[in-house]
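Hi,

Here is the structure I said I'd pass on. Have a look at it first, and then read on for what turned up.

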Amino acid sequence: MYMAYGWPQVIPLELPSFPSTQQIVYLKVANRLVLVVSPSHIELWSSSQHRLRLGKYKRDAASIRIQGENLQAVWSPDSKLIAVLTSSFFLHIFKVQFTEKRIQIGGKQPTGLSLINISLLLSEQVPFADNNLTASNIICDNKHMLIGLSDGSLYNISWKGEFYGAFHLDVGLLGSNDTSELLHSLGNGLASGATQGVLASNHFVPQKSAVIQLEFSMPLRLLFVLFSDGQLMLCSISKKGLKHADSIKAERRFASGDVVCAAVASEQQILAVGTQRGVIELYDLADSASLIRTVSLHDWGYSVEDTGPVNCIAWTPDNSAFAVGWQLRGLTVWSVSGCRLMSTIRQIGLSSASSPVIKPNPDHKYEPMMGGASLMHWDEFGYRLYSIEEGSSDRIIVFSFGKCCLNRGVSGTTYVRQVIYGEDRLLVVQSEDTEELKILHLNIPVSYISQNWPVMHVAASKDGLYLAVAGLHGLILYDIRLKKWRVFGDITQEQQIQCRGLLWLGKIVVVCNYIDSSNM
């Protein structure tokens with residue numbers, strides 16, 4: 001379970017020095033880095049404890065005039081290469097390299113951060129530049145990239161800049177009556193059988209329909225292709241990967257004809273589909289893509305006229321929750337079971353009947369994501385949601401989240417305190433005699449968290465008086481009555497502990513410890 005806390009933070013981005021489309025084109029968080037691609041430049045920030053800009057690449061005015069502004073981008077899985085497609089259909093491939101310049105911040109503790117050098121490796125016009133086409137987003141595996149085009153085809157490019165050409169998905173082999181053969185198990189746990197919410201087709205996808213989004217799951221070897229007419233196609237990918245056209249096979253088409261975006265949760269094997277109606281549909285890919293549930297803000301008094309269609313969906317790393325951004329207004333986080341966990345849209349009253357919609361008033365400042373959300377991405381620990389407001393090019397808005405302790409709260413025992421943990425703190429929820437809830441922010445000692453960020457595991461003793469907290473390495477204890485932290489006296493002992501699980505047996509703390517050297 002996730003809970004938002006505190007005010008959103010703002011990461012300021014460099015403004016373009018000449019007129020541009022004023023829209024960030026790409027945002028991704030990976031390997032403790034945040035990549036932002038704007039129309040004229042690229043920025044890399046650290047997403048760890050210290051949010052600092054580590055590197056940037058700025059294109060000059062001549063390059064933008066001749067080759068066009070940055071339009072689409074993708075980051076290689078190993079984070080070493082960035083591919084950018086410009087509005088004049090030039091492909092730029094950049095190399096990301098850490099330098100030996102270490103960053104020092106006030107205080108004795110080193111940050112472990114280095115400056116990054118971003119250099120241009122390749123700049124070449126793509127072969128389809130003269131065909132008057134538009135391009136979708138770019139997806140990739142370790143060796144190849146795939147771009148959807150407005151003639152309904154997919155174009156294949158290698159990370160070395162080799163152009164392999166375009167191909168259309170052949171859906172003519174799909175039988176219209178026999179849906180039992182649609183999904184072949186590819187070692188990814190997908191069941192066969194007819195489904196609710198999914199149709200077979202014995203026609204080619206009409207060429208008039210442009211490809212507007214590609215969504216790829218490497219673990220499941222599934223590709224989702226979204227067309228401009230709202231049709232969503234599920235394709236399987238063989239072990240050959242994205243390189244060969246014959247390895248990408250259209251399997252089935254989703255019946256919902258108003259899809260505008262999709263995001264797959266590989267671990268849970270769930271597909272979240274955003275629609276023109278502002279509704280999100282969840283499909284179970286392990287059960288023949290059957291519809292699990294739909295969620296929307298309708299029950300909260302907001303219709304599609306207020307929020308607009310769904311614009312983007314982002315799953316948490318553990319796939320237990322997902323964030324939804326709308327085109328006109330707002331961002332909301334739901335659990336996979338359909339519980340609304342957070343929303344930037346202001347709420348009055350508790351039931352939809354008593355929740356009159358607040359019309360945006362220019363005098364009333366301010367609600368985050370008031371103009372809608374265009375891009376979102378969670379950090380790899382699920383503690384922060386990075387988001388870009390629709391039409392914004394000067395900042396990233398970052399929402400902080402805490403997680404509930406698994407061995408607390410949701411059990412037969414009633415505890416005096418509930419414990420929620422964030423990246424560098426504990427939020428202890430206490431119920432007072434007045435029946436009001438109080439949240440106590442317990443900041444983890446700097447001496448520990450600066451070396452072992454972020455918090456990975458938290459466990460509370462049964463009497464609720466002691467907390468055990470584990471970061472990347474080591475372990476610290478907190479005595480709630482005495483309000484004191486206890487840490488290892490020996491730092492080498494601390495570094496030998498990599499906690500994978502934590503629990504209390506009476507007054508004893510039990511740690512499931514991972515040892516690097518023996519992989520045990």
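A quick definition before the strands come up: two strands count as paired if DSSP finds at least two bridges between them. Also, keep in mind that this is a predicted model.

Let's start with strand S24, residues 321-326, and its partners. Five bridges link S24 to strand S23 (residues 310-315), and the two run antiparallel. One spot to click on is Val310, whose bridge partner in S24 is Trp326. S23 and S24 make a hairpin with five residues between them, and Asn319 in that turn has a positive phi of about 65 degrees.

S24 also pairs with strand S25 (residues 331-335), again through five bridges in the antiparallel sense. Here Ala321 has Ser335 in S25 as its bridge partner. The hairpin of S24 and S25 has four residues between the strands, and Gly330 takes a positive phi near 90 degrees there.

How many residues of S24 are buried? Six of its six. In a regular strand, side chains alternate between the two faces of the sheet. In S24 both faces are covered: Ala321, Ala323 and Gly325 are buried on one side, and Phe322, Val324 and Trp326 are buried on the other.

Next, a sheet closer to the start of the numbering. Four strands form an open sheet in the order S2-S3-S4-S5, with antiparallel pairing. Its edge strands are S2 (26-30) and S5 (53-58), each of which pairs on one side only. The twist averages 10 degrees from one strand to the next. S2 is joined to S3 (residues 33-37) by five bridges, and Ala30 has Leu33 as its bridge partner in S3.

Now for the cores. Nonpolar side chains tend to be buried together in soluble globular proteins. The largest nonpolar core here has 40 residues, and Trp75 and Met145 have the most contacts inside it. Strand S7 (residues 81-86) gives this core its largest share, five residues. Leaving aside neighbours within four places in sequence, Met145 touches a list of residues including Val74, Ala83, Ile93, Tyr155 and Trp159. Another core, of 20 residues, lies apart from the largest one, and among its members are Tyr421, Val428, Val455 and Val469.

One last residue: is Ser400, in strand S29 (residues 395-404), buried or exposed? Ser400 is buried, because its relative accessible area is 9%, which falls under the 20% cut-off. Beyond its neighbours within four places in sequence, Ser400 is in contact with Met3, Ala4, Tyr5, Gln9 and Tyr383.

Cheers

Terms used:
Residues are numbered from 1 along each chain as its sequence is written. This is a predicted model: local features need pLDDT of at least 70, side-chain atom pairs count only at pLDDT 80 or more; totals for chains, interfaces and linings use all residues. Side-chain values use heavy atoms; hydrogens and water are left out. Axes are lines fitted to C-alpha atoms, for helices over the stretch in contact, and angles run from 0 to 180 degrees between N-to-C directions. A nonpolar core is a set of buried Ala, Val, Leu, Ile, Met, Phe, Trp, Tyr and Cys residues joined through side-chain atoms within 4.5 Å. Buried means under 20% relative accessible area, exposed over 50%, partly exposed in between (1.4 Å probe, protein chains only). Contact means heavy atoms within 4.5 Å.
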